[in-house]
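Q: Could you take a close look at the sheet and the salt bridges around it? I'd like one connected walk through that part, with the cut-offs spelled out as you go.

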Amino acid sequence: MPLEAGLLEILACPACHAPLREEDGELVCQGTECGLAYPVRDGIPVLLVDEARRPA
């Protein structure tokens, strides 16, 4: 289930404060040096750096 567009506009990466984009059930940081991917569980973004997946 996609997140509301208004919610995506106000969310930012907790590590580098760059905007996030929704991709394959995750919120992915758009920062060029960061790129962390945060899970979305039951429609709720989990914006914890410890829970984020590092870029490949």
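A: **Salt bridges and the sheet**

The side chains of Glu26 and Arg53 meet in a salt bridge, 2.7 Å from N to O. Glu26 sits in strand β2 and Arg53 in the segment after β4, so this pair ties together parts that are 27 residues apart in sequence. This is a predicted model, where local features need pLDDT of at least 70 and side-chain atom pairs count only at pLDDT 80 or more, while totals for chains, interfaces and linings use all residues. Side-chain values use heavy atoms, with hydrogens and water left out, and residues are numbered from 1 along each chain as its sequence is written.

Salt bridge here is a distance call: a side-chain nitrogen of Lys or Arg within 4 Å of a carboxyl oxygen of Asp or Glu. Strands (E, at least two residues) and helices (H or I, at least four) are DSSP runs, numbered from the N terminus. For accessibility, buried means under 20% relative accessible area, exposed means over 50%, and partly exposed is in between, with a 1.4 Å probe and protein chains only. On that scale, Glu26 counts as buried because its relative accessibility is 18%, and Arg53 counts as partly exposed at 42%.

Searching the whole structure turns up three salt bridges. Another one joins the side chains of Glu51 and Arg41, at 2.9 Å from N to O. This pair also links distant parts of the chain: Glu51 is in the segment after β4, Arg41 is in strand β3, and they are ten residues apart. Glu51 has a relative accessible area of 37%, so it is partly exposed; Arg41 gets that label too, at 43%. The remaining pair is Arg21 with Glu23, whose side chains meet at 3.0 Å, N to O. Arg21 is partly exposed, with a relative accessible area of 34%, and Glu23 is partly exposed with 34% as well.

Now for the sheet itself. Four strands make an open sheet in the order β1-β2-β3-β4, with antiparallel pairing. Two strands count as paired if DSSP finds at least two bridges between them. The edges are β1 and β4, each of which pairs on one side only. As general background, strands of a sheet pair through backbone hydrogen bonds, either parallel or antiparallel.

Going through the middle, β2 and β3 run antiparallel and are joined by three bridges. Glu26, the residue we started with, stands opposite Pro39 in β3. Leu27 has Tyr38 in β3 as its bridge partner. Further along, two bridges join β3 to β4, again running antiparallel. Arg41 turns up here too, standing opposite Ile44 in β4, so this residue of the Glu51 salt bridge also has a place in the strand pairing.

What connects β3 to β4? The two form a hairpin with two residues between them, and Asp42 in the turn has a positive phi of about 55°. Asp42 lies in the loop between β3 (37-41) and β4 (44-45). That sign is flagged here in a residue other than glycine. With a relative accessible area of 79%, Asp42 is exposed.

Asp24 is another residue to check. Its phi is near 50°, a positive value in a residue other than glycine. Asp24 sits in the loop between β1 (20-23) and β2 (26-29), and at 75% relative accessibility it counts as exposed.

One last check, on the cysteines: the structure holds zero disulfides, a disulfide being a pair of cysteine sulfur atoms within 2.5 Å. Cys13 is in none, and the nearest cysteine sulfur, that of Cys34, is 3.8 Å away. Cys16 is in none either, with the sulfur of Cys29 nearest at 3.4 Å. Cys13 counts as buried at 1% relative accessibility, whereas Cys16 is partly exposed, with a relative accessible area of 33%.
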